[in-house]
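Welcome! Here are a few exercises for getting to know a new structure, each followed by a worked solution. Have a look first, then try each task before reading on.

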Amino acid sequence: MPDARIVVVATHDPIATEMIVSAVRKLSPVVRIIVRTRFMHEIDELRKLGANEVIPEEFETSIEIFTRVLRYYLVPEEEIDAFVNQIRNENYEMLRRRATGRFDHVMPFLSVMEVVTLRVPADSPWVGRTIGELKLRNIYGITILAIKRGGRYIHHPDANDVVKAEDVLVVIGLPEDIKKIGPFIQNLRDKNLV
């Protein structure tokens, strides 16, 4: 440990993570500590304990989804990379704020789109059907970016993926199009489930 230049802490136990960061910082005031954490509310405390970089899973998942949306709309890779670096360099502050229109100056076409999370209830007619069978893009004009199932994500699912009860779908579309699928899902916009 005395010769280490960098320490990466990647455990799902928040108490253990805090203890490790604190112990490592006491052993070495100069070692670089990078921590993966599950939630954004843990960032500030881990920084106080001595972590140099704290990477919250929930934001990285959001960044990955957003990156895929931008690629879908053919935004050049260098613009996407610059935007992602900006988010990370600002310690995810852009994602921590809940302000409308925050991306308008960067990607104007996104100002009319919404990315929302939707739960598929057990009694939905979508349960047991493939994404291809649902034809969400053709009929409703929305796209499924990811599915959260049992705490894990299926990123950019394909047409053969089957929708299951209690899946959380991350979708993008125009607000009026997303409203059209209301009878089939439960909107989780105001809940921090994804």
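**Exercise 1. Work out how strand S1 fits into its sheet.**

Step 1: Begin with the pairing. Strand S1 and strand S2 (residues 32-37) run parallel and are joined over 4 bridges. In this predicted model, valine 7 has isoleucine 33 of S2 as its bridge partner.

Step 2: Widen the view to the sheet, which is open, has 3 strands in the order S1-S2-S3 and pairs in parallel. Strand S1 (6-9) and strand S3 (53-56) each have a single partner strand, so one side of each is left without a neighbour in the sheet. From one strand to the next, the twist averages 15°.

Step 3: Add the helix. H1 packs on this sheet and touches S1 and S2, and its direction makes about 175° with that of S2.

**Exercise 2. Decide whether threonine 17 is buried or exposed, and list what surrounds it.**

Step 1: Locate the residue: threonine 17 belongs to helix H1 (residues 14-27).

Step 2: Apply the cut-off. Buried means under 20% relative accessible area. Threonine 17 has 3% relative accessibility, so it counts as buried.

Step 3: Look at the surroundings. Leaving out residues up to four places away in sequence, threonine 17 touches Val9, Thr11, Val35 and Leu46. Its side chain also reaches the backbone oxygen of aspartate 13, at 2.9 Å.

**Exercise 3. Do the same for glutamate 176.**

Step 1: Glutamate 176 sits in helix H8 (residues 175-180).

Step 2: Its relative accessibility is 46%, and therefore glutamate 176 counts as partly exposed.

Step 3: Compare sequence with space. Tyrosine 140 is 36 residues from glutamate 176 in sequence, while their C-alpha atoms are 9.4 Å apart.

**Exercise 4. Find the largest nonpolar core and the elements that build it.**

Step 1: The largest nonpolar core has 18 residues, and Trp126, Val171 and Ile181 have the most contacts inside it.

Step 2: At least two residues of this core come from each of strand S4 (114-119), helix H6 (131-134), helix H7 (136-140), strand S5 (143-149) and strand S7 (168-173).

Step 3: Another core lies apart from this one; it has 12 residues, among them Val7, Val21, Ile43 and Val54.

Step 4: Return to tryptophan 126. Beyond residues up to four places away in sequence, tryptophan 126 touches Val120, Leu134, Leu136, Val163, Leu169, Ile181, Phe184 and Ile185.

**Exercise 5. Summarise the whole protein.**

Step 1: Count the elements: 8 helices and 8 strands.

Step 2: Of the 194 residues, 39% are buried.

Notes: Residues are numbered from 1 along each chain as its sequence is written. This is a predicted model: local features need pLDDT of at least 70, side-chain atom pairs count only at pLDDT 80 or more; totals for chains, interfaces and linings use all residues. Side-chain values use heavy atoms; hydrogens and water are left out. A nonpolar core is a set of buried Ala, Val, Leu, Ile, Met, Phe, Trp, Tyr and Cys residues joined through side-chain atoms within 4.5 Å. Buried means under 20% relative accessible area, exposed over 50%, partly exposed in between (1.4 Å probe, protein chains only). Contact means heavy atoms within 4.5 Å. A polar contact is a pair of N or O atoms within 3.5 Å; within protein, one must be able to donate a hydrogen and the other to accept it, and residues adjacent in sequence count only if both atoms are side-chain atoms. Two strands pair if DSSP finds at least two bridges between them. Axes are lines fitted to C-alpha atoms, for helices over the stretch in contact, and angles run from 0 to 180 degrees between N-to-C directions.
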